[in-house]
Amino acid sequence: MSSVDKAILGTFPLVAVGPTEGYPPAVESGIRYLAAAEGLWREINLPWIRILHPLGPSTLPLPYGHLKYEVDVKCGPVPVELIREFNAVARACAPQENAAAIVWNAVEDYWRLAQRPVISASADHIEFREATLLPGEHIVIDVHSHGHHPAFFSRDDDRDDAGTMRFSLVVGSFNKEQPTSAMRLCMAGLVLPARVRDGELQIVTKEDA
Ligand SMILES: [Zn+2]
C-alpha cells in the first residue's frame, strides 16, 4: 500500500457495522466512516462531542447493522456567565466587532472565556489571532460579535467556519437593549442549527423549530 493510501486509510478508517453486535466504540479522537444497512455514515469523536450521522443512502439494502443519528455533547453545560461576559465585552467594543473562544478543559473539567487578540477590527470585519490553549483545552464555542448589526452568519462567517469542528455563535444588535444571536454546530462540513438553553448545548431539530 502506498504511503498516501496508508495515511488516508489510517486517518479515516472504514468500519462495517455488524448486524448483531454493531461496531467497536471509538476510543480515540477522530473521524470514522461506517458502512451500515442504510448506507454510509460518519462518526466524529472529539473529547467534547461525539456525532454519528448519515452521509448518503445506499441504492440497495446492505448486509450490515442499522445505525441511528446520535449527538452526544460530552462537555456538559456551558456556564452561561461566560456568554454574558462576552456580551458585555462585545457591547463595550460596539460598533466594532469582537471575537473570543469559549474553551473547555477535558482533563480538569473547567470552562473559560479566551479573548482572541485583535489584529484589526471595524463595524464590518474583524481579524484576530487564535486564542492560545493550555494542555487539555478545546474550543467548544467560537463566538464573535457584529457590533450594532444583527446576528446572522455572513459569507465571511461561512468561510471562517468551513471545515471547523465547533459550535459557532454570533451575537449582535448591541445598539439595542436586547442583543440578537445565531448559533450553529459545524462538524467538518456538516452544519446544524444549534442553541444554548440554560447552558445546555443543543442541536435544533425540525420538531423544535
Ligand atoms: Zn460574523
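This text walks through the sheets, the zinc site, the aromatic pairs and the unusual backbone spots of the structure.

The model is predicted, so local features need pLDDT of at least 70 and side-chain atom pairs count only at pLDDT 80 or more, while totals for chains, interfaces and linings use all residues. Residues are numbered from 1 along each chain as its sequence is written, and side-chain values use heavy atoms, with hydrogens and water left out.

Start with the sheets. Strands of a sheet pair through backbone hydrogen bonds, either parallel or antiparallel. Here, two strands pair if DSSP finds at least two bridges between them. Strands (E, at least two residues) and helices (H or I, at least four residues) are DSSP runs, numbered from the N terminus.

One open sheet has 5 strands, in the order β1-β2-β3-β4-β5. Its pairing is mixed. The edge strands are β1 (14–16) and β5 (70–73), and each pairs on one side only. From one strand to the next, the twist averages 25 degrees. Axes for such angles are lines fitted to C-alpha atoms, for helices over the stretch in contact, and the angles run from 0 to 180 degrees between N-to-C directions. Within this sheet, β3 and β4 run antiparallel and are joined by 8 bridges. Trp-41 has Pro-54 in β4 as its bridge partner.

Another open sheet has 7 strands, ordered β7-β6-β10-β11-β12-β13-β14. Its pairing is mixed too. At the edges stand β7 (111–115) and β14 (200–203), each pairing on one side only. The twist averages 30 degrees from one strand to the next. Strand β10 (residues 137–145) pairs with β11 in the parallel sense, over 5 bridges. Ser-145 stands opposite Val-171 in β11.

Strand β13 (residues 190–197) pairs with β14 in the antiparallel sense, over 4 bridges. Arg-195 has Gln-202 in β14 as its bridge partner. The two strands form a hairpin with 2 residues between them. In the turn, Asp-198 has a positive phi of about 50 degrees. Side chains alternate along β14: Leu-201 and Ile-203 point to one face and are buried, while Glu-200 and Gln-202 point to the other and are not. Buried means under 20% relative accessible area, exposed means over 50%, and partly exposed lies in between (1.4 Å probe, protein chains only).

Now turn to the zinc ion. Its protein donors are His-144 (NE2), His-146 (NE2) and two entries for Asp-157 (OD), lying 2.0 to 2.4 Å from the ion. Donors are N, O and S atoms within 2.8 Å of the metal (3.2 Å for Na, K and Ca); water is not among the atoms, so sites may look incomplete. In sequence, the donor residues are spaced H-x1-H-x10-D. The angles among the 4 donor atoms run from 57 to 165 degrees, and the site is irregular. Four donors count as tetrahedral if all angles lie between 85 and 135 degrees; four count as square planar and six as octahedral if opposite donors are over 155 degrees apart and all others between 65 and 115; anything else is irregular. Both histidines are buried: His-144 has 9% relative accessibility, and His-146 has a relative accessible area of 4%.

Next come the rings. The structure holds 3 aromatic pairs. One of them joins Trp-48 and Phe-167, tilted, at 5.9 Å centre to centre and 45 degrees between the planes. Trp-48 lies in the loop between β3 (39–46) and β4 (49–57), and Phe-167 lies in strand β11 (residues 165–172), so the pair ties together parts that are 119 residues apart in sequence. Trp-48 is buried at 2% relative accessible area, and Phe-167 is buried at 0%. Trp-104 and Trp-111 form another tilted pair, at 6.5 Å centre to centre and 45 degrees between the planes. Rings of Phe, Tyr and Trp (its six-membered ring) pair if their centres lie within 6.5 Å; planes under 30 degrees apart count as stacked, over 60 as edge-to-face and the rest as tilted.

Finally, look at the backbone. Most residues other than glycine have a negative phi, and most peptide bonds are trans. The bond from Ala-94 to Pro-95 is cis, with omega near 10 degrees. Pro-95 lies in the loop between α2 (80–93) and β6 (99–105). Ser-173 has a positive phi, near 60 degrees. Ser-173 lies in the loop between β11 and β12 (180–187).
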